[in-house]
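Here is a set of short exercises to work through with the structure open beside you. Try each task before you read its solution.

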Amino acid sequence: MTRDVPTHDVETSDWVEAHERLRSEGFTFFDFLTAVDESDRGESGPSDGKPAGFDIVTHLYDIAGGARRSILMRTRLEVDDHGAGAPSIASLTGLWRGAAWHERETFEMFGIDFVGFDDGTGQGVRKLLLPASFTGTPLRKSFVLTARASKEWPGIKDPGESGGRAEASKRRKVMAPGVPDETWGPR
């Protein structure tokens, strides 16, 4: 069974207030918070009239009395230089303590800072899943997957890379996200 979940876009400056309003309307169950890297908008990617940046998305439920209503909230954090900045947004941990885990994960994977973050430890927003020695934001489109730079991928990657077989396609090669360009050296 599929159903459409209403999605509401809000300004970044109204992020916390919009969630406070929804909480007062009965949306008391915090399901998740995540980010979507839209830093390629307007270049070769689709254009929806929004600037390049990161979409911050939350999913909330109203479960009182068996209502089971849900809603998605979304805001766009603008970034320049192809997502190289350190965008920030107000934390929702003051409304839902469970948002702390999601905000820490989003901080670690996308490099988005949550202003006013408080998980009760007093340590602020910090890494959650990756080792302390890891540097980078692995879910950003600008993150280079070094494994693809350091060794050849086994087998045929794309049509046309079959080593001269007659059935090889003449389609142009496509670079998948995270594949480094030629400046990384030989492959």
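**Exercise 1. Classify aspartate 119 as buried, partly exposed or exposed, and find its charged partner.**

Solution. Start with the relative accessible area of aspartate 119 in this predicted model, which is 21%. Buried means under 20% and exposed means over 50%, so aspartate 119 is partly exposed at 21%. Next, look for the partner: the side chain of aspartate 119 meets that of arginine 126 in a salt bridge, with 3.0 Å from N to O.

**Exercise 2. Find how many salt bridges the structure holds, then describe the ones made by aspartate 9 and aspartate 62.**

Solution. Begin with the idea behind the search: side chains of opposite charge can pair when their charged atoms come close. The structure holds six salt bridges. One of them joins aspartate 9 to arginine 74, and their closest N and O atoms are 2.6 Å apart. Aspartate 9 belongs to strand E1 (residues 7-9) and arginine 74 to strand E4, so this pair ties together parts that are 65 residues apart in sequence. Both ends are partly exposed: aspartate 9 has a relative accessible area of 45%, and arginine 74 has 26%.

Now turn to aspartate 62, which forms a salt bridge with arginine 69 at 2.7 Å between the closest N and O atoms. Here aspartate 62 counts as buried, at 6% relative accessibility, whereas arginine 69 is partly exposed at 38%.

**Exercise 3. Describe the geometry of the ring pair of phenylalanine 54 and phenylalanine 110, and say which parts of the chain it links.**

Solution. The count of aromatic pairs comes to four. For phenylalanine 54 and phenylalanine 110, the ring centres are 6.2 Å apart and the planes stand at 75°, so the pair is edge-to-face. Then place the two residues: phenylalanine 54 lies in strand E3 and phenylalanine 110 in helix H2, so the pair ties together parts that are 56 residues apart in sequence. Finally, check accessibility. Phenylalanine 54 is buried, with a relative accessible area of 0%, and phenylalanine 110 is buried too, at 6%.

**Exercise 4. Work out where valine 79 lies and which residues it contacts.**

Solution. Valine 79 sits in the loop between E4 and E5. With a relative accessible area of 11%, valine 79 is buried. Setting aside neighbours within four places in sequence, valine 79 is in contact with Ala52, Gly53, Phe54 and Pro87. Take Phe54 as an example: its C-alpha atom and that of valine 79 are separated by 7.6 Å, although the two residues are 25 residues apart along the chain.

**Exercise 5. Map the largest nonpolar core and the surroundings of isoleucine 112.**

Solution. A general expectation sets the scene: in soluble globular proteins, nonpolar side chains tend to be buried together. The largest nonpolar core has 28 residues, and Trp15, Ile56, Leu92 and Ile112 have the most contacts inside it. At least two residues of this core come from each of helix H1 (15-24), strand E2 (29-38), strand E3 (53-62), strand E4 (69-78) and helix H2 (99-110).

Now zoom in on isoleucine 112. Leaving aside neighbours within four places in sequence, its contacts are Ala35, Phe54, Ile56, Leu77, Pro87, Ile89, Thr106 and Phe107.

**Exercise 6. Determine how the buried residues of H1 are arranged around its axis, and what covers them.**

Solution. First list the buried residues of H1: Trp15, Val16, Ala18, His19 and Leu22. Seen down the helix axis, they fall within an arc of 160°, so they line one face of H1. What covers them includes E2, E3, E4 and strand E5 (88-90). After H1 comes glycine 26, whose phi is positive, near 110°.

**Exercise 7. Summarise the fold of the chain and decide where to read the model with care.**

Solution. The chain has three helices and six strands. Along the sequence they follow the pattern β-α-β-β-β-β-α-β-α. Of the 187 residues in the chain, 33% are buried. Among contacts with a separation of 6 or more, 61% are between residues 24 or more positions apart.

Then consider confidence. The mean pLDDT of the chain is 83, and 73% of its residues reach 70 or more. Confidence is highest in H1, at 98, and lowest in helix H3 (residues 146-150), at a mean of 64. Where pLDDT is low, the predicted coordinates should not be read in detail.

How values were computed. Residues numbered from 1 in each chain as written. Predicted model: local features only at pLDDT ≥ 70, side-chain atom pairs only at ≥ 80, totals over all residues. Heavy atoms only, no water. Core = buried A, V, L, I, M, F, W, Y, C linked by side-chain atoms within 4.5 Å. Buried < 20%, exposed > 50% of the residue type's maximum accessible area, 1.4 Å probe, protein only. Helix = DSSP H or I, 4+ residues; strand = E, 2+ residues; numbered from the N terminus. Contact = heavy atoms within 4.5 Å. Phe/Tyr/Trp six-rings, centres within 6.5 Å; stacked < 30°, edge-to-face > 60°. Salt bridge = Lys/Arg side-chain N within 4 Å of Asp/Glu carboxyl O. pLDDT = per-residue confidence, 0-100. Arc of directions from axis to C-beta.
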